[in-house]
Amino acid sequence: MTNQPAGFWPSSISASLLTEKAVKLACPTWQRDRLFWLQSIPEQAGRSAVMAYIDGEATEQTPHDFSAKSKVHEYGGLCYCASETILYAVNKSDQQIYAICNQQATKLTNSSLRFADLQLSPDGSTIYAVAEQPSSPEPIASIVSISTHDGRVTTLEKGHSFYASPSLSPCSGRLAFIAWDHPNMPWNRNQLMVLDLSSNTVSDHSASPNCSHFQPQWHTNGTLMAAIDLDEWWNLYQLTDGQWQPLFNINAEVAYPQWVFGMSTWGFTSDSTIVFSANRGGFWSVHEFNLETLQISALETDQVDLEACAVSTNGVALLGASSLKPSYLTLNNQLIVQSTAVNLPETQVSIPQPFSFNVKGSESHGIYYPPTNNEYQTDQPPLIIMAHGGPTACTGPGVQIKIQFFTSRGFAVADINYRGSTGYGRSYRHALDGQWGIFDVEDVCAAVAHLQQQNMASKEHVFIRGGSAGGYTVLAALAFTDTFNGGCSQYGIGELTALARDTHKFEAKYLDSLIAPWPEGEAIYNQRSPLNYADQLSCPVLFLQGLEDKVVPPNQSRTMYEALVEKGIYTELREYDGEGHGFAMAETILDAFDTELKFYQKLLTS
């Protein structure tokens, strides 16, 4: 073994792997008997193309000047559907639906609406979709039908704050969908509704007023099924004689927090068989359920961190990462396309190790990545704690280049699924209600203590990093505790009242559950805003900030940076022109990682 200090090991895993020959894969679906998905084109500024798997090849279906993206809820998601011969997709530039044949696009709709979650009727005559009318003070949502003949848009249902997941019954006579209203988020409480298309009447088929429904689908016999957290876990249920009955009970989540449209975890491979994916503690697995024998059997896959499970009678498509390979799409366990063509060197890939730890009598969770490089070794390595965004989300064990970038250089990394994360049941997911900025901070600090007690981390060099909501946890931990020796905030939320006053409709009331109702709870927002306690920052902080960020204004990072400068504490601020809330340009990503590494290395030697 070569003697090199941890944190300074030479590594072949560079930040350029995040940008070179890398594509983003999303929204795999079955359209008739073909598999489709969205794929970014990096050499064309991230243009999003609709791809299809035809005759054993991945083939672009959209014109080369067409970018498929919906802005409904701002986050978008599924924005296409297809018949045997025509692709219908939302154009990013004008948010209208285009009919595309042989890569020639013809505008179908001419409306002030924007569209998402497109579903095509079996006869190809009608598209059902979620629509959003941009307006003030906030957009107006609806369920609509669109004629594929002349593009005429008809409103079928409106009145709720949000809609998602339209699903047409086999006879095309009923349309199931999900609706929810402020202040709820879709993973807190929503309603499962059914629209009778012949009578234009809507009925509420919710399992309970206090549960969350996910991905309703119809069996060929007309039975409605959905993933519902009627008890502790999102499991599959079927509607029988007006009552929801569980198909099975397992301690795992057969659903995701519905941040974007078109999220999928299950489907029918035959009239008697369902294939579903399940998340338990961040680790995903795939199973087959027999509707006749009621037996569950595991299906083989290397992908342990799934983004989508698209199922039909034609096969099972999985989008996700393994512990050795970044995100890739498979069909029946055969590789279709990878997010990156670069293979990571196995001798430098850190294998995830789940761990749990005690926090004031509660149990919280994380994934530990030991420093890994076959030419070097270390005891009690410098530790980087990672706080995921959301915060209602989950970190998984699929290989992430951003983690391997650090572990291959001698850092240990602990990615924390603090209370409020998904994958541990409804109670854990809701544990952060009213406690954001408290429980997540307690958890990242307790994780440090646990790993130090197990001699898995240095007692002298402990850092924390995160972006957006994870950046808020970073700033709160640095302002309100003395656990860390330094931290990196990437466009971290420092001032909560500004976020409550001015954010997009989808998240406009999110903080009501995470912190307190707004504006009645303004005092609590002020108490938990790190920006108001910039003078309490007492360790080095690196701020990485986009100058066009509308969620976290650049002056928030600047104010905290200046407070540290005034106190004589080492700090750095990197501001990036043209970047918003999240970094997209290759040069920004490369500079941000290079700057962050040098920041930690400086602290290791100071």
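Which side chains meet in a salt bridge with an N to O distance of 3.1 Å? They are the side chains of Glu 522 and Arg 501, shown in one of the close-up views of this predicted model.

**View 1. A salt bridge joins helix H7 to helix H5.**
The side chains of Glu 522 and Arg 501 meet at 3.1 Å, counted from N to O. Glu 522 belongs to helix H7 (residues 522–527) and Arg 501 to helix H5 (residues 496–501). The two residues are 21 apart in the chain, and the pair links distant parts of it. Glu 522 has a relative accessibility of 30% and counts as partly exposed. Arg 501, at 54%, counts as exposed.

**View 2. A buried salt bridge links Glu 442 and Arg 419.**
Here the N to O distance is 3.0 Å. Glu 442 lies in helix H3, while Arg 419 lies in the loop between strand S32 (412–417) and helix H2 (426–429), so the salt bridge ties together parts that are 23 residues apart in sequence. Are these two residues buried or exposed? Both Glu 442 and Arg 419 are buried; the term stands for a relative accessible area under 20%.

**View 3. Lys 107 and Asp 94 form a salt bridge between a strand and a loop.**
The side chains of Lys 107 and Asp 94 meet at 3.7 Å, N to O. Lys 107 is part of strand S8 (residues 104–107), and Asp 94 sits in the loop between strand S6 (87–90) and strand S7 (97–101), so the pair ties together parts 13 residues apart in sequence. Lys 107 is partly exposed, with a relative accessible area of 41%. Asp 94 is also partly exposed, with 27%.

**View 4. Four charged residues are linked in a network of salt bridges.**
The members of the network are Asp 229, Glu 253, Arg 426 and Arg 429. The structure as a whole holds 16 salt bridges.

**View 5. Helix H3 crosses helix H4.**
The axes of H3 (residues 439–453) and H4 (residues 469–480) come within 9 Å and cross at roughly 75°. An angle from 65 to 115 degrees counts as roughly perpendicular, so H3 is roughly perpendicular to H4. On the H3 side, the contact is made by Asp 440, Val 441 and Val 444. On the H4 side, Tyr 472, Thr 473, Ala 476 and Ala 477 take part. Sorted by class, the contact has five nonpolar residues, one polar and one charged.

**View 6. Eight strands form an open sheet with mixed pairing.**
The strand order is S29-S30-S32-S31-S33-S34-S35-S36. Strand S29 (353–359) and strand S36 (571–576) stand at the edges with a single partner strand each, so one side of each has no neighbour in the sheet. Neighbouring strands are turned by 20° against each other on average, direction ignored. S30 and S32 run antiparallel and are joined by five bridges. Ile 367 has Asp 415 in S32 as its bridge partner.

**View 7. Helices H3 and H4 pack on the eight-stranded sheet.**
H3 touches S29, S30, S31, S32 and strand S33 (462–467), and its direction makes about 110° with that of S29. H4 touches S31, S33, strand S34 (486–490) and strand S35 (541–546). The direction of H4 makes about 145° with that of S33.

**View 8. Four strands form an open sheet with antiparallel pairing.**
The strands follow the order S1-S2-S3-S4. Strand S1 (25–31) and strand S4 (57–60) are the edge strands, and each pairs on one side only. From one strand to the next, the twist averages 30°. Strand S3 (residues 47–54) and S4 run antiparallel, joined by four bridges. Met 51 stands opposite Glu 60 in S4.

**View 9. Two residue pairs are compared by their separation in sequence and in space.**
Cys 101 lies in strand S7 and is partly exposed, with a relative accessible area of 35%. Cys 101 and Tyr 88 are 13 residues apart in sequence, and their C-alpha atoms are 9.0 Å apart. Gln 377 is found in the loop between strand S30 (362–369) and strand S31 (383–387). At 57% relative accessibility, Gln 377 counts as exposed. Gln 377 and Ala 6 are 371 residues apart in sequence, and their C-alpha atoms are 7.8 Å apart in space.

Methods: Residues are numbered from 1 along each chain as its sequence is written. This is a predicted model: local features need pLDDT of at least 70, side-chain atom pairs count only at pLDDT 80 or more; totals for chains, interfaces and linings use all residues. Side-chain values use heavy atoms; hydrogens and water are left out. Axes are lines fitted to C-alpha atoms, for helices over the stretch in contact, and angles run from 0 to 180 degrees between N-to-C directions. Angles under 35 degrees count as roughly parallel, over 145 as roughly antiparallel, 65 to 115 as roughly perpendicular and the rest as oblique. Contact means heavy atoms within 4.5 Å. Ala, Val, Leu, Ile, Met, Phe, Trp, Tyr, Cys and Pro count as nonpolar, Asp, Glu, Lys and Arg as charged, and the others, Gly among them, as polar. Two strands pair if DSSP finds at least two bridges between them. Buried means under 20% relative accessible area, exposed over 50%, partly exposed in between (1.4 Å probe, protein chains only).
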